[in-house]
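Trainee: Could you give me a close look at one part of this model, namely the places where chains meet? Take your time and keep it plain.

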There are 6 protein chains.
Amino acid sequence: MLVRALDKPKKISLKMRKNKLKQLWKEGKTAINAWLTIPSAWTAETIAHTGFDAITIDMQHGLADYQTTLSMLHAISTTDAVPLARVPWNEPATIMRLLDAGVYGLVCPMVNSREEAEAFVGACRYPPLGFRSYGPIRANVYAGDDYFENANQTVITLAMIETAQALENLEDIVTTPGLDGVYVGTIDLSISMGLAGLGDLNDKKLQNALNIIMTQINKHDCIAGIHASTPESAKKLSEQGFRLITPVNDTNLLRDAAINALEETRKWIG
Amino acid sequence: MLVRALDKPKKISLKMRKNKLKQLWKEGKTAINAWLTIPSAWTAETIAHTGFDAITIDMQHGLADYQTTLSMLHAISTTDAVPLARVPWNEPATIMRLLDAGVYGLVCPMVNSREEAEAFVGACRYPPLGFRSYGPIRANVYAGDDYFENANQTVITLAMIETAQALENLEDIVTTPGLDGVYVGTIDLSISMGLAGLGDLNDKKLQNALNIIMTQINKHDCIAGIHASTPESAKKLSEQGFRLITPVNDTNLLRDAAINALEETRKWIG
Amino acid sequence: MLVRALDKPKKISLKMRKNKLKQLWKEGKTAINAWLTIPSAWTAETIAHTGFDAITIDMQHGLADYQTTLSMLHAISTTDAVPLARVPWNEPATIMRLLDAGVYGLVCPMVNSREEAEAFVGACRYPPLGFRSYGPIRANVYAGDDYFENANQTVITLAMIETAQALENLEDIVTTPGLDGVYVGTIDLSISMGLAGLGDLNDKKLQNALNIIMTQINKHDCIAGIHASTPESAKKLSEQGFRLITPVNDTNLLRDAAINALEETRKWIG
Amino acid sequence: MLVRALDKPKKISLKMRKNKLKQLWKEGKTAINAWLTIPSAWTAETIAHTGFDAITIDMQHGLADYQTTLSMLHAISTTDAVPLARVPWNEPATIMRLLDAGVYGLVCPMVNSREEAEAFVGACRYPPLGFRSYGPIRANVYAGDDYFENANQTVITLAMIETAQALENLEDIVTTPGLDGVYVGTIDLSISMGLAGLGDLNDKKLQNALNIIMTQINKHDCIAGIHASTPESAKKLSEQGFRLITPVNDTNLLRDAAINALEETRKWIG
Amino acid sequence: MLVRALDKPKKISLKMRKNKLKQLWKEGKTAINAWLTIPSAWTAETIAHTGFDAITIDMQHGLADYQTTLSMLHAISTTDAVPLARVPWNEPATIMRLLDAGVYGLVCPMVNSREEAEAFVGACRYPPLGFRSYGPIRANVYAGDDYFENANQTVITLAMIETAQALENLEDIVTTPGLDGVYVGTIDLSISMGLAGLGDLNDKKLQNALNIIMTQINKHDCIAGIHASTPESAKKLSEQGFRLITPVNDTNLLRDAAINALEETRKWIG
Amino acid sequence: MLVRALDKPKKISLKMRKNKLKQLWKEGKTAINAWLTIPSAWTAETIAHTGFDAITIDMQHGLADYQTTLSMLHAISTTDAVPLARVPWNEPATIMRLLDAGVYGLVCPMVNSREEAEAFVGACRYPPLGFRSYGPIRANVYAGDDYFENANQTVITLAMIETAQALENLEDIVTTPGLDGVYVGTIDLSISMGLAGLGDLNDKKLQNALNIIMTQINKHDCIAGIHASTPESAKKLSEQGFRLITPVNDTNLLRDAAINALEETRKWIG
């Protein structure tokens, strides 16, 4: 018996795991997302078990590289939270490796033009929709043996809108075939627009930009995601139509909680 | 030129880094300690930078092994927080390796008798006080080239009192030469005593045990450490004479903060 | 708000995950187990997804240490295969750390006397049944928030019978309170008995030893586990009463398959 | 004495290690290759010791990143199997780092044009043949101190032909100066061509494509590599002129063997 | 309380850590730099503690990838040596991730044109000077909470001049806005120029190239860095105006010292 | 086909690799050993390639744990230097795991009595000579498939003599069946004896102790190893009869070389 290098391994499961986010959105719901920057499978597992709809590993500004991200995907996959990742840049190598590792959606930073959007989506989709290369090694295990047949319809692609240039090219970007939507990077957007605050949602110019984005999103029936800094803003953003809202960043959660605890304790026993 | 395997390397610094905890205690102050269970240098660095007096890596119930602990010690050493560790068990191999790696104090679990206390302290002290083997590879770098001469006076040794048996042998334990004090494990102690709550400080029997412990601590001029679960209890424990108080555990901080954030957000945009 | 270091974190799940092996055994079934020696979360995940009832990480003769084992537990926990581990030796440090990490059963090598059996079981059980220390950091996540209350009834403890001395002390060992059963190490047993083959089940002396063991197992209503080297022997061992049978070792599977494939190919294109 | 940062370190060995694959090909032989997707030095060492002529670490669809690949190269270098790697994409950073780490050949995915072939080869060759940067840190150790002088003649470069576009540009690609040959990606090629099966060698259109490729290979005296899924196909492919044949993929070997063993055992003791 | 994902965490320190190299250069001094190729936090810590002004982690020809580099940055940050890195290639992903991790300067290989210099600098600078994305996760901890406001003035950018083409475009390169200077790669430069020696500073053509470079550096008030192979050459290069001089490479230091020690010992006891 | 969990895998090589140290000693030669404390496969590979007869990974005072040691063994096994390790303490778990990983000799610290020597040797030898458990997973690959049959005669066991107590029990220790010899820990010995210098070989009391040791070594035809700090002392120690001499420690080599280079450079360009 010659074990095969080429064929897919023996079929075990037959029906691909659905992308729960797509189902939530179909029902008109808003998904709540956690943002992981700590390079640790344990913190990923801890947060995944608290009940978020989606968990995004941030490989751009977070501290995990590919091998650590893989171990975090194992940890997240012990729950049914949908595993997403933000790639560090619009590069096919990382995009394809993460998809092969079983992430069910990608956020791509700094997509400023139709050409860049097409490059991003192309790397995420098998032909004829794109140029993704075949080899879903862990995706086959996480999703099921029929991954290849369903991947193009399952994997979510979100382009970050976070520069003035992206705003200008917005309609070209959101109408890119195969793109599911956008994720707004409010801090980079405000820096790019030369605004004073860093992603201050009370800034009228930034709010105006969000309105422009949501108009395009609604017009073209896309999804928009965004960070929220307070429950009130989460509510407001949800009402504005954002369907993927991220209220937490693990490093900030931990740091703020530690500072609070220390300050409280120092008051009593300093 | 033959580079030497045997001799200590060239002297660079000349005066050993003090143990800040000892200085605080000399001034009658209470030190505030953070408890690390996440196996990650990044979370260790994040918490060390918030200003705790000491940081304890928990190798017993935390998830870091030796190699990860070493990387966490690097991260903690970017601040002047005093690096401590809890060993998984009373074993010379781990005790000596952590000291060689530069921790400035050790907490040893389940010290239930004078014999066990002597085994713990013996592994922490160079002869003639103990049987620690020479080779302070990273301690020499962290502390200074005169580490060997000062280590016995610098390294803190705390024996955990966490069983009914330890309570019985308390005076024998706290009077062990070279032992700096105790750390009370209230949960294990309450389990060992057959109490209902897990470390419930309102339980009179547990409170009584703490009083017995503090009587011995005061009588023999030792240090006592303990976890605190609220600011009020931190205050009360400090007033009882505990000089090392741990109000935070990183995993719990992160998990609770994530749950809170999720619950708050779900209220608004469920 | 002071986040607590001491209390258990907020309750999320309420009902502890059952130990599927105990359920299988209650139904009179034989569980099929895979043996992991490759230090890799990916191979662990791959094998866990093929459908074995249990997966044992071998930290004695396998190549994974604690940190790697933890990552393998994440990977195994993406399935409902029961995670077990063989500890490298009868030591409380490793035993307790693995249980805290969420393994649902432990195999302890070289248990040769009642005293050693009691030491092993003691480290696995919370008081009053043993002296396990409280801190089920990942077990709480894997099993549920009521882990502590149910752990003593859930965690499986298997003592390896693999020396002539253990055979002599067999009844003392298997009647140790809190011990669930034995795992027979046929190779070491045959070496210890001075037999020619390495664990050759056709050797009458070894077969005789197995019969002695199974007599005690049946008499005291325990569980016995063993490696099987062929399907026929698996069947025979199952009929003899073994309820945990291990037909595969990952390194051997891979090595043999690679050799077979290479030999077959060389025949054709050498 | 000032130890030099710039110069090459002291010479130890003087004659560069040959590339065994080139020797085999010179003798008209076909090399048998193993494909590694498990991110583990141990599985790499296990397979390298079984006798394959070459071992390819797949950094595109396999799960190892650079640091893990480096540890796998150590393991492979305990044998005389020729270490190859498939890079995740046609990028100079990864290409040069792998060569510096001592791989003796690279497979580059998705080479669809002469321009892409030149970019790939350029990154693999020192000037004036290419633009590879000097710094063969581990290659000097693996190969010998005269690595730089011989690298351009030793390192093998294989461009993957796996799209319809590549077929069109085939002659332009295979005639790229410094390119040693191609590796056919039959699955991606069949997807790109819109064929039903995934790399089904019985598909006449795919077989036709292989014929076209081999015609060019023979015409320009290049090397062609390919995966084989059965011994019969290995033989046939070898007869067609493929000189690097890969009959095994480690993950598939392991998964199939585990499934087989489980199924066989369940038949008997289910 | 909703912990914020978006805002910067609570401010702790207020004044950003200065870049000591910039201060040294302002005082007209020459900085001495160590070059790290060993992928190890321990060797990084060891060397950082010996007193070099700067420590450069070489991710091009060294063996550390991103995750290991992060651990090395922790180790270096236990001292006040300025942490620099050489990126493997001129790619925004790696550049931005290293800056977010807190390096205070980057060396970019193979910058051969104004366009490439602008791409490099653009990735290093926040708008409006460049297109760096916001998210200085560890930089905020290493440098201080006002990192964003001061980063563009603090982070050093050095383009490697190491090809004949770069020499031709030299003035265009060094006048790129936001570029602090160059680092001369003498070996690659000599290879590119077709010279016999590898970076032989006695070669007149190479020396001539250095003179051309220094003329431009002086004319445009930039910084130039370079490797030195002997104390004499260090002195000469310093006198030529180089302000960042690298006399050591960790792997070479270790290898040469080991060879020397072995040879010396063999003489006596061979 | 059921792949076997139990049997040894298919035989490939047939003749076990010799222990080169034993051969050298048989020829009356002195072996030169390198001492590794840096937890890095790369530095291990670098040093192993310089030509030492043996390489000892120090898991007591060095910084590598088991998983890192395994990767270092891969690196060392790319050469024919004999891989040794010093265990952190006299514990069967670590001893057996290292032997299974393929080390060809162990140094055990702090062996102070016959009982301790027997415990050490027992863990290193298969029955009937000891109680080592069967499972030479990597040793089979490194040494050959007949490892089990030859291990007891191949693996070297050296007990450290480094306390006054050990000196008293010296003859009892060196005559332990199965012990190959001793390794003298001069620093710990001098501390234990209350001498002023740390392992100062010019101290008459220490020299006297060495003489006592060598008398026993010669009387019982054992091997003695030791660190040497200069070529002269290496020669003298060799003449005294030491047959395993360690002139280098990697961390010290690197640190001293870095300091030298920095000091030399500062002289010129301070």
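**Chain F and its partners**

Mentor: Turn chain F by 180 degrees, shift it 0.0 Å along the axis, and you can lay it on chain D with an RMSD of 0.0 Å. That is how a two-fold axis relates two copies. For the fit, copies are superposed by least squares on the C-alpha atoms of residues with pLDDT of at least 70 in both.

Some housekeeping before we go on. This is a predicted model, where local features need pLDDT of at least 70 and side-chain atom pairs count only at pLDDT 80 or more, while totals for chains, interfaces and linings use all residues. Residues are numbered from 1 along each chain as its sequence is written, and chains are lettered from A and ligands numbered from 1 in the order in which they are written.

Back to chain F: its residue closest to the rotation axis is Thr78(F), with the C-alpha at 2.1 Å. Chains F and D use the same surface, since 100% of the contact residues of chain F recur in chain D. Two residues are in contact if their C-beta atoms, placed from the backbone, lie within 7 Å. By that rule, 20 residues of chain F meet 20 residues of chain D. On the chain F side, the elements giving two or more residues are H2, helix H3 (66-76) and H13. These labels come from DSSP runs numbered from the N terminus: helices are H or I of at least four residues, and strands are E of at least two. H13(F) has the largest share here, five residues. By class, the chain F side has nine nonpolar, nine polar and two charged residues. Ala, Val, Leu, Ile, Met, Phe, Trp, Tyr, Cys and Pro count as nonpolar, Asp, Glu, Lys and Arg as charged, and the others, Gly among them, as polar.

Now swing over to chain E. This contact takes 37 residues from each of chains F and E. On the chain F side, two or more residues come from each of strand S1 (31-36), helix H2 (41-48), helix H12 (231-240), strand S8 (244-249) and helix H13 (250-269). H13(F) again gives the most, this time 16 residues. The class split on that side is 22 nonpolar, nine polar and six charged.

H12 and H13 also turn up as a pair between chains A and B. H12 of chain A (residues 231-240) packs against H13 of chain B (residues 250-269) at an angle of about 40 degrees, with the axes 9 Å apart. Here axes are lines fitted to C-alpha atoms, for helices over the stretch in contact, and angles run from 0 to 180 degrees between N-to-C directions. Pro231(A), Ala234(A), Lys235(A) and Ser238(A) make the contact from H12(A), and Glu264(B), Thr265(B), Lys267(B), Trp268(B) and Ile269(B) from H13(B). That comes to four nonpolar, two polar and three charged residues.

One last residue to click on is Leu70(B), in helix H3 (residues 66-76) of chain B. Leu70(B) counts as buried because it has 26 C-beta neighbours inside 10 Å; the cut-off for buried is 20 or more other C-beta atoms within 10 Å, with 12 or fewer for exposed, partly exposed in between, and C-beta atoms placed from the backbone. Leaving aside neighbours within four places in sequence, Leu70(B) is in contact with Ala101(B) and Leu63(F). Gly102(B) sits 32 residues along the chain from Leu70(B), with their C-alpha atoms 9.0 Å apart.
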